[in-house]
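The report below goes through helix packing, pockets, charged pairs and a few individual residues. Please keep the sequence and the model at hand while reading.

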Amino acid sequence: MGLRSTRLLVKMIKEINTRYLDLLRANLFIMFQSMKEYKSNLYSILLIQIVFVSISYFIMFLIASNFGDVIGWSYLDFIMYSALIKIITQAVGFFIWGNSISASILSGSLNTHLLRPTDIKFQYYFSNLSSSAFIYFIFSVLELIILLLFFDSNFQISLYFILILFLLFLYHFLFFQVIETLSFYYKQLDQQILKLVYPINSTLSSYPIDFFDKMRFKEILFIIMYSLLALLLFPSTYHYDKNIIVLLTLVLIVVFFVIFTFNWKIGLKKYEAFG
């Protein structure tokens with residue numbers, strides 16, 4: 001009897017995994033087909049990325065030349081910082097660009113995910129994969145590889161380096177999705193909060209957290225992923241133990257995940273009852 005139950009359980013798990021893999025395969029296929037059909041979009045994205053990288057390199061040169069000594073960063077540090085920010089944000093964008101929980105609630109498009117056999121969160125984040133984010137991400141990874149291979153960088157592709165990038169990817173994703181899922185409680189509340197977050201992100205993307213060393217309550221800025229990136233992988237005027245920062249990041253990831261899961265669970269109940 002026990003052996004039979006185990007076999008049924010294994011079979012059920014395989015069937016569930018197959019459903020999720022089939023969904024992922026289907027959506028990847030759709031994404032690549034759309035890239036193939038709309039080649040002009042692909043070329044325009046590549047052109048925009050080349051122009052954007054050129055402008056950002058010039059801006060980073062100006063910042064490094066005038067203020068780099070203040071925080072002990074070289075021009076290459078600024079470029080690497082910019083490249084890593086792009087890689088993390090674009091990897092997150094692969095799942096969320098073009099999606100908005102608030103807009104899905106208002107339009108009723110969330111209903112399409114409720115009727116399918118897979119987990120609704122998996123459906124939501126894997127059903128509309130962003131081809132633009134994917135192209136940007138590939139371009140940024142190639143940029144990072146060139147920087148590592150052809151310039152005298154202090155960075156090494158190590159397990160620690162990859163682990164930190166992965167943790168920051170999870171952190172950035174959960175941070176923004178915790179904000180977005182607040183729209184389950186009050187429509188477009190997320191948009192009001194993001195109006196405050198985006199300018200801070202924009203500032204920290206050009207001026208790392210070390211520039212704000214003398215600011216009161218500067219620790220509030222540590223909740224932004226860019227600050228954690230600067231503290232963990234770059235020279236810092238802050239003398240915090242990096243292990244403590246990693247531990248803090250892990251704790252916040254767990255906290256954000258709990259809130260994210262809770263918001264989806266309660267939010268879906270409210271949506272199904274009143275949506």
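How many of the residues of helix α10 (residues 225–233) are buried? In this predicted model, nine of the nine residues of α10 are buried, and the helix is accordingly described as mostly covered. The buried residues of α10 are Met225, Tyr226, Ser227, Leu228, Leu229, Ala230, Leu231, Leu232 and Leu233. Two of these residues return below, since Tyr226 is listed among the residues nearest the centre of the largest pocket, and both Met225 and Tyr226 are touched by His172.

**Packing of α8 and α9**

Two packed helices are described by the angle between their axes and the distance between the axes. For helix α8 (residues 159–180) and helix α9 (residues 189–206), the angle is about 145° and the axes are 9 Å apart. On the α8 side the contact is made by His172, Phe175, Phe176, Ile179 and Glu180, while α9 contributes Asp190, Ile193, Leu194, Val197, Tyr198 and Asn201. By residue class, this contact of α8 with α9 divides into seven nonpolar, two polar and two charged residues.

His172, which lies in helix α8, counts as buried because its relative accessibility is 6%, under the 20% limit for that class. Not counting residues up to four places away in sequence, His172 touches Ile88, Thr89, Val92, Asn201, Met225 and Tyr226. Of these, Thr89, Asn201 and Tyr226 are also among the residues nearest the centre of the largest pocket.

The loop between α8 and α9 contains Ser183, which is buried, with a relative accessible area of 2%. Ser183 and Ile101 are 82 residues apart in sequence, yet their C-alpha atoms are 7.0 Å apart in space. Leaving out residues up to four places away in sequence, Ser183 touches Ile101, Ser102, Ile105, Gln188 and Asp190, and Asp190 also takes part in the contact between α8 and α9.

**Pockets**

The space in the two pockets and the make-up of their linings are set out below.

| Pocket | Space | Nonpolar lining residues | Polar lining residues | Charged lining residues |
|---|---|---|---|---|
| Largest pocket | About 660 Å³ | twelve | twelve | three |
| Second largest pocket | About 270 Å³ | ten | no polar | two |

The lining of the largest pocket comprises 27 residues, and Ile85, Thr89, Trp97, Asn201 and Tyr226 lie nearest its centre. At least two lining residues come from each of α2 (39–71), α3 (75–96), α8 and α9, and α9 gives the most, with eight residues.

The second largest pocket is lined by Phe95, Asp119, Lys121, Phe122, Tyr125, Phe126, Phe169, Leu170, Phe173, Leu174, Phe257 and Phe260. Here the elements that give two or more residues to the lining are α6 (120–127), α8 and α11 (242–274). Helix α8 thus appears among the contributors to the largest pocket as well as to the second largest pocket.

**Charged pairs**

Side chains of opposite charge can pair when their charged atoms come close. With a cut-off of 4 Å between a side-chain nitrogen of Lys or Arg and a carboxyl oxygen of Asp or Glu, the count comes to two salt bridges. One is formed by Glu143 with Lys86, the closest N and O atoms being 2.9 Å apart. Because Glu143 lies in helix α7 (residues 131–150) and Lys86 in helix α3, this pair ties together parts that are 57 residues apart in sequence. Both Glu143 and Lys86 are buried.

In the other salt bridge, the side chains of Glu219 and Lys218 meet at 3.8 Å, N to O. Glu219 counts as partly exposed at 38% relative accessibility, whereas Lys218 is buried, with a relative accessible area of 15%.

**Ile71 in helix α2**

Is Ile71 buried or exposed? Ile71, which lies in helix α2, has a relative accessibility of 4% and therefore counts as buried. Apart from neighbours within four places in sequence, Ile71 is in contact with Phe78, Pro208, Asp210, Phe211 and Thr237. Between Ile71 and Pro235 the C-alpha to C-alpha distance is 8.0 Å, although the two residues are 164 residues apart in sequence.

Methods
Residues are numbered from 1 along each chain as its sequence is written. This is a predicted model: local features need pLDDT of at least 70, side-chain atom pairs count only at pLDDT 80 or more; totals for chains, interfaces and linings use all residues. Side-chain values use heavy atoms; hydrogens and water are left out. Buried means under 20% relative accessible area, exposed over 50%, partly exposed in between (1.4 Å probe, protein chains only). Helices (H or I, at least four residues) and strands (E, at least two) are DSSP runs, numbered from the N terminus. Axes are lines fitted to C-alpha atoms, for helices over the stretch in contact, and angles run from 0 to 180 degrees between N-to-C directions. Contact means heavy atoms within 4.5 Å. Ala, Val, Leu, Ile, Met, Phe, Trp, Tyr, Cys and Pro count as nonpolar, Asp, Glu, Lys and Arg as charged, and the others, Gly among them, as polar. On a 1 Å grid over the protein atoms alone, a cavity is a set of points where a 1.4 Å probe fits but cannot get out, and a pocket is an open set with protein on both sides within 12 Å along at least five of seven lines; lining residues have an atom within 4 Å of a point. Grid points are joined across faces, edges and corners, and a volume is the space filled by probe spheres set on the points.
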